[in-house]
Amino acid sequence: MEKIIEMQNIRKEFPGIVANDNVTLGLRKGEVHALLGENGAGKSTLMSILFGLYQPDAGQIVVRGEPVQIKNPTMANNLGIGMVHQHFKLVHNFTVTENIILGMEPMNGIAIDRKGAALKIKELSQQYGLDVDPYAKIEDISVGMQQRVEILKMLYRDAEILIFDEPTAVLTPQEIHELMKIMRSLLKEGKSIILITHKLKEIKEVADRCTVIRRGKVIGTVDVKDTTEAKMAEMMVGREVSFHVEKGESNPGEIALEVKDLVVMGTRGEEAVKSFSFQLRRGEILGIAGVDGNGQAQLVEALTGLRKVESGVISLAGKDIAGLNIKERFEAGLAHIPEDRQKRGLVLDYSIEENMILEIHQNEPFSRMGFLQFDEIRNYSERLIKEFDVRSGEGSIAKARALSGGNQQKAIVGREISHNPEVLIAVQPTRGLDVGSIEYIHKRLVEQRDAGRAVLLVSLELDEILDLSDRVVVINSGTKVGEVITSETDENEVGLMMAGIEKGA
Amino acid sequence: MKRVSTFKIRIPHQLQIALMAIAFGMLIAAVLIVITGNNPFSAYWFLFRGGLMSIKRIGNTLAGATTLILTGLSVAFAFRTGLFNIGAAGQMLFGGFVATALGLTLNLPKAILLPVMMLGAMLGGAFWGFIPGLLKAKFNVHEVVATIMMNFIALWIAYYGIQDTILKDPNQETQSARLPVEASLQVDWLRDITGNSFLNLGLIIAIIFVVIIAIIINKTVLGYQLKAAGYNRFAAEYAGMKVNRNIILSMAIAGALAGLAGFTFYAGFSNHVEIGKLPIQGFDGIAVALLGGSTPVGALFAALFFGILQTGKGFMQSMTGVPPEVGDLIIGFILYGAACQILFERILKYFKRGRNA
């Protein structure tokens with residue numbers, strides 16, 4: 001079959017690391033080609049080379065049979081290569097049309113021809129079944145729609161080859177389903193797609209072939225229909241992986257955390273969390289499921305003390321903590337694995353040992369009379385590093401910045417678990433991690449549950465919620481849509497609830 | 001197990017960068033010296049001789065560096081906690097003004113008067129740093145704007161506070177009365193061993209505070225918290241540290257250090273306050289902190305280096321005809337060099353890789 005892109009024997013070195021080692025990738029015309037690999041395996045480097053952001057040290061790129069040198073993204077665009085980034089690059093107070101034509105505005109004399117552009121966008125939108133209103137403002141449309149605007153941006157620029165970078169991370173299951181449909185209609189119109197993802201289920205659903213990269217090397221390219229998810233995962237990680245979280249029946253005890261009629265204001269003064277109530281018992285994992293931006297962040301901030309509680313009660317082991325500050329809540333037994341490990345969870349320019357004592361540096365034995373006790377800190381940190389398998393070149397004194405995402409997260413998880421909290425709030429604990437690290441962190445969370453602690457799991461990954469939680473509370477625009485027992489529900493039901501459709505409605 | 005503190009790791013690398021910045025500054029200035037028709041080698045020879053050739057000149061170099069050590073320390077301390085203190089000049093002037101007012105009005109023996117003045121200078125400076133800190137913590141007013149405004153407020157308070165009061169020198173239009181011997185940091189024994197230089201007790205104060213601040217930054221809970229807020233405010237907040245309190249505290253400490261600088265300058269170097277003028281050392285403190293990699297010890301050495309340039313530039317002029325402003329130009333280019341840290345880091349990396357290959 002005709003290959004529209006061939007990346008041949010690509011090699012790219014960064015100081016101290018070979019990011020791509022003799023990588024060969026062929027994209028056939030009209031296929032969805034999945035690029036699968038753990039974090040740091042070299043997927044992004046490879047795609048950055050294709051998009052002209054990096055130059056390869058060796059190897060060549062052949063587009064439509066002609067060897068080319070892609071020196072910058074503009075050249076990539078001219079070759080018909082377009083990319084939908086994981087984080088959308090849209091101007092929020094511009095309309096769909098304005099965003100799409102940005103940078104190549106069609107002129108009508110000295111004025112921008114918005115009308116003509118909108119018409120063309122409308123046609124494209126209909127042709128591919130995207131259903132986008134060219135006059136809508138970005139801030140008024142859903143995340144799923146915004147992604148379609150990104151797709152339209154590429155189509156408007158006549159892209160033939162579309163690269164999707166982790167496109168489903170921000171979507172509901174239903175929106176994911178829609179996206180898959182869109183991809184198929186793109187194929188029908190003769191486009192070719194490279195799909196970067198670590199979700200095996202999606203590869204199975206939409207991709208024709210899959211190239212697996214591990215540590216910069218191609219492990220193999222397989223026909224998706226001839227393989228299984230387990231096989232692909234094994235290729236990716238290099239060993240057998242268990243997908244299912246091994247856990248027994250939960251043994252819920254007394255109420256550890258009770259939230260009653262909680263109201264929290266968002267940054268723009270809107271009610272981000274509306275009269276929210278739930279109970280969390282010892283020995284259980286309660287999942288909070290919802291699409292990104294539906295009030296989870298504000299809920300967590302209100303629980304941990306990072307954001308003011310407007311009204312309502314948060315009681316931790318029977319004591320109302322709604323009026324306490326962050327430190328007092330921590331001392332009352334609340335631990336928090338934050339959503340963004342680099343923004344909140346770690347001081348990246350501090351060493352691991354300095355990060356390990358972030359919340360407890362004022363306590364004995366880590367400080368005495370206002371002076372840090374470095375030996376105690378070192379011993380504590382070494383113990384945690386060992387216990388939680390945090391890998392770094394220099395051990396305790398390595399800067400947090402130098403650790404891989406998985407090891408950063410393990411350090412945070414270890415630190416928080418070691419505080420022996422009453423309630424552990426874990427927000428997106430495995431975001432962006434590879435399968436091996438996910439497996440490890442999940443195991444640790446279940447251990448906490450089995451040890452009789454209460455775990456609140458807030459995640460955007462529905463699979464994670466369903467795998468780990470004993471019960472699930474679904475949130476939509478700040479309101480509790482419903483509560484289900486995990487063993488009595490399925491992805492479809494929770495997915496609908498995430499979209500705001502109440503159970504049984 | 002031997003402990004390697006992060007502090008010790010920083011220095012060699014920072015030193016390399018600083019030396020490259022200095023080389024860069026001197027190189028560009030050399031080009032300018034050539035353009036003015038002079039020989040850069042002899043210019044630099046006389047510049048450094050001017051700063052170091054006699055015990056008296058060394059004394060003056062140290063006396064000039066004293067104030068810079070403290071303003072540099074002030075800026076560096078704030079910077080380590082994520083704050084940009086542009087207001088060292090105002091804090092220094094206000095602290096110096098308070099010390100001078102105390103020195104001119106109180107009638108106490110030297111051993112009591114000097115500590116009182118020192119405390120007054122620190123409190124005055126601390127107050128001048130506290131206000132921008134408070135504005136930043138409570139209303140998110142950027143400290144750069146607030147400290148610049150505080151500079152002007154200090155300028156005019158000192159102006160009117162001296163202009164029509166008993167503090168003014170009746171025979172001079174633009175300065176306060178001279179401080180009496182009891183209120184001066186200048187002491188006979190230091191003058192005697194340095195051939196009548198301006199060297200005074202301020203240097204000892206400055207060195208003591210370099211040590212104190214280094215200990216605070218590297219060894220204490222307070223330093224740990226302040227640095228955490230400087231590196232990542234969100235993580236500090238997450239960990240339950242009182243970030244706003246720390247901002248205010250950090251600005252107040254930075255202000256106190258600048259106030260001390262004012263004490264060493266107005267009660268040690270000049271012995272009077274010139275009115276209608278912000279002390280340039282307050283702004284030079286930014287350069288000192290930058291060249292010193294924002295570490296206390298780095299600020300000490302950077303201040304000594306700038307002290308040599310300050311003292312030597314007059315000698316350079318008289319011996320070669322190179323205008324003394326070239327000394328300031330060198331400082332300016334060194335600053336550019338220090339600001340181009342990334343560039344030098346790349347150059348360093350390039351050479352390291354070249355050696356390995």
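**Contacts and overall form of chain A**

I began with the contacts in chain A of this predicted model, and I noted that, among those between residues at least 6 apart in sequence, 66% join residues at least 24 apart. I then looked up the secondary structure and recorded 17 helices and 24 strands in chain A. The radius of gyration of chain A is 24 Å, which is close to the 23 Å that the globule rule gives for 505 residues, so I entered chain A as being as compact as a globular protein of that length. For the extents, I wrote down that the C-alpha trace of chain A spans about 70 × 50 × 50 Å along its principal axes. Of the 505 residues in chain A, 46% are buried.

**The sheet with β18(A) and β24(A)**

Next I followed an open sheet of six strands in chain A, whose order is β18-β21-β22-β15-β23-β24 and whose pairing is mixed. The edges are taken by β18 (334–337) and β24 (479–485) of chain A, and each has a single partner strand, so one side of each is left without a neighbour in the sheet. Neighbouring strands here are turned against each other by 20 degrees on average, with direction ignored.

I looked at one edge pairing in detail: β18(A) runs parallel to strand β21 (residues 423–427) of chain A, and four bridges join them. In this register, A335(A) has L424(A) of β21(A) as its bridge partner.

I then asked which helices pack on this sheet, and entered two of chain A, α9 and α17. Helix α9 (residues 296–304) of chain A touches β15 (285–289), β18, β21, β22 (454–459) and β23 (471–476) of chain A, and its direction makes about 150 degrees with that of β21(A). Helix α17 (residues 491–498) of chain A touches β15, β23 and β24 of chain A, and its direction makes about 30 degrees with that of β23(A).

**The sheet with β6(A) and β12(A)**

I also traced an open sheet of six strands in chain A with the order β6-β9-β10-β3-β11-β12, and its pairing is mixed. Here β6 (81–84) and β12 (217–223) of chain A are the edge strands, each pairing on one side only. The average turn between neighbouring strands of this sheet is 20 degrees, direction ignored.

Within this sheet, I found that strand β3 (residues 32–37) and strand β10 (residues 192–197) of chain A run parallel and are joined by five bridges, and that L36(A) has T197(A) in β10(A) as its bridge partner. Helix α5 (residues 143–156) of chain A packs on this sheet, where it touches β6 and β9 (161–165) of chain A, with its direction at about 170 degrees to that of β6(A).

**Chain B against chain A**

Turning to the two chains together, I noted that 18 residues of chain B are in contact with 26 residues of chain A. On the chain B side, the elements giving two or more residues are α9 (221–231) and α10 (233–238) of chain B, and α9(B) gives the most, with five residues. By residue class, this side of chain B divides into eleven nonpolar, four polar and three charged residues.

**The largest nonpolar core**

Last, I looked up the largest nonpolar core, which has 255 residues, and in which L456(A) and L257(B) have the most contacts. Helix α11 (residues 243–269) of chain B gives the most to this core, with 18 residues. Leaving out residues up to four places away in sequence, I listed L70(B), L73(B), S74(B), F77(B) and F209(B) as the residues that L257(B) touches.

Terms used: Residues numbered from 1 in each chain as written. Chains lettered and ligands numbered in written order. Predicted model: local features only at pLDDT ≥ 70, side-chain atom pairs only at ≥ 80, totals over all residues. Contact = placed C-beta atoms within 7 Å. Nonpolar A, V, L, I, M, F, W, Y, C, P; charged D, E, K, R; others polar. Core = buried A, V, L, I, M, F, W, Y, C linked by C-beta atoms within 7 Å. Buried ≥ 20, exposed ≤ 12 C-beta atoms within 10 Å, placed from the backbone. Rg over C-alpha atoms; globule rule 2.2 N^0.38 Å. Pairing = 2+ DSSP bridges. Axes fitted to C-alpha atoms, helices over the stretch in contact; angles between N-to-C directions.
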